[in-house]
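Q: Got a minute to look at this one with me? I'd like to go through the packing and then the pockets.
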Amino acid sequence: MSELINNSEKRKELLKHMILQLHAGEAPAEARKQLVNLLTKIPYGEVVEVEQELISEGTLSEAEVLKFCDIHSEALDGHIDLSGMKIVPPGHPVDTFKKENKELLKVVDQLDESYRKLSSLKDDHDIASWFLEMKSHFNNLMDVEKHYLRKENLLFPYLEKYGITGPPKVMWGKHNEIRELLKAAIEVLNNPEDMSLEEADAAVKFVLKPASDQVADMTMKEDQILLPMVMDKLTEIEWYEIYKQTLEIGFCLYDPEFEWRPENLDTTYEDEKQDDLIHLPSGSFTKAELQAILNSLPVDMTFVDKNEKVKYFSQGRERIFHRSRAILNRDVKLCHPPSSVHIVEQIIDDFRSGRQDHAPFWIQMKGKFIFIEYFALRDENGNYLGTLEVSQDLTERRALQGEQRILSYAK
């Protein structure tokens, strides 16, 4: 038996046989039992190889593998050998994918806790608060879209280059299923009016929990199968190309703490030269100069484009509201508490339609007077480009009196 277990080809044949048994209708529990008893540990690369072979041979179509891949994952979970996985450097794209998965699982855990709370709710007020809590968690879970887009548009093309086409297509299909589940969950949470406890319980069972469970299941597929395999396949230069393009799509619930670049990288692969000028009608500056100017202004700025995606925020020394790069390319409505989303929607709608160009607010926060303004941005022809949020701490300025005409540096 040990000879069978330690022989890669025999092990793959057995795995292939068990997958075909699952597709023939054999109970997942029995297949799992066989895997545990006979295989004990399956190297991660063999799982991908077997699925690719089944599709390439025409034994199973991509649609059939997609239909049953959750059963495959259930049988294989915890029984995949990761001991041969390469060490992932901090800041590497794979490190970012894994850290994002940890954050997604935290949200899933929060949702599971919220699901358990449902049975203890007593009145309409409790139900309303529960729905707001759920919507906040699912708004965070929707951020997985950027995670999936990076896989689909940056990672999968390289796998296809190496002839690995079936598993990426299957995983992309699962992405689309999860997108539909999350969309259905948001629709339920957007319409909680007059929903009874029994109806809320049904929503959890048939809509909400299936969505969050599928997100969690995908993190397992990535951490135990996809990411170890792609670490073996892609070169350092290919990873660097992915790394450089990552910011264009954005991060999911996590802002990488470390910069990453391959060792001994040829200068031809470096980013744009710092002395390349950005030209405007009234002057020009380098990218470094522009960044310093924007970060030196005594305000917080956040730019939301015409598609309602957060595209930029300034990084001044004293921020009023916390921002991280995880919000980049995120839908601006998902960046606000559910209770205030309707205000954001109204501002954007008024700006887009041309009814308004400016919306001011001021609040008291932790003993400070905070002034917040929203500006509609338009091109020279009046076409809507997006919205700029500008926040200032005016506490000290409101207290100014008289004049100051001599040089006196602020302490």
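Q: Which residues touch the most other members in the largest nonpolar core?
A: W130, F138, L141, L155, L208, V230 and W239, out of 54 residues in that core. This is a predicted model, where local features need pLDDT of at least 70, side-chain atom pairs count only at pLDDT 80 or more, and totals for chains, interfaces and linings use all residues. Side-chain values use heavy atoms, without hydrogens or water, and numbering runs from 1 along each chain as its sequence is written.
Q: What counts as a core here?
A: Buried Ala, Val, Leu, Ile, Met, Phe, Trp, Tyr and Cys joined through side-chain atoms within 4.5 Å; buried is under 20% relative accessible area with a 1.4 Å probe, protein chains only.
Q: And which helix gives the most to this core?
A: α10, with 13 residues. Helices are DSSP runs of H or I, at least four residues, and strands are E runs of at least two, numbered from the N terminus.
Q: What is W130 in contact with, beyond its neighbours within four places in sequence?
A: S114, K117, L118, L121, A200, V204 and L208, with contact meaning heavy atoms within 4.5 Å.
Q: OK, pockets. Which residues are closest to the centre of the second largest one?
A: P298, E318, D393, E396 and R397, among 23 lining residues. A pocket is an open set of points on a 1 Å grid over the protein atoms alone, where a 1.4 Å probe fits, with protein on both sides within 12 Å along at least five of seven lines; lining residues have an atom within 4 Å of a point.
Q: Which element gives the most to that lining?
A: α14, with three residues.

How values were computed. Buried means under 20% relative accessible area, exposed over 50%, partly exposed in between (1.4 Å probe, protein chains only).
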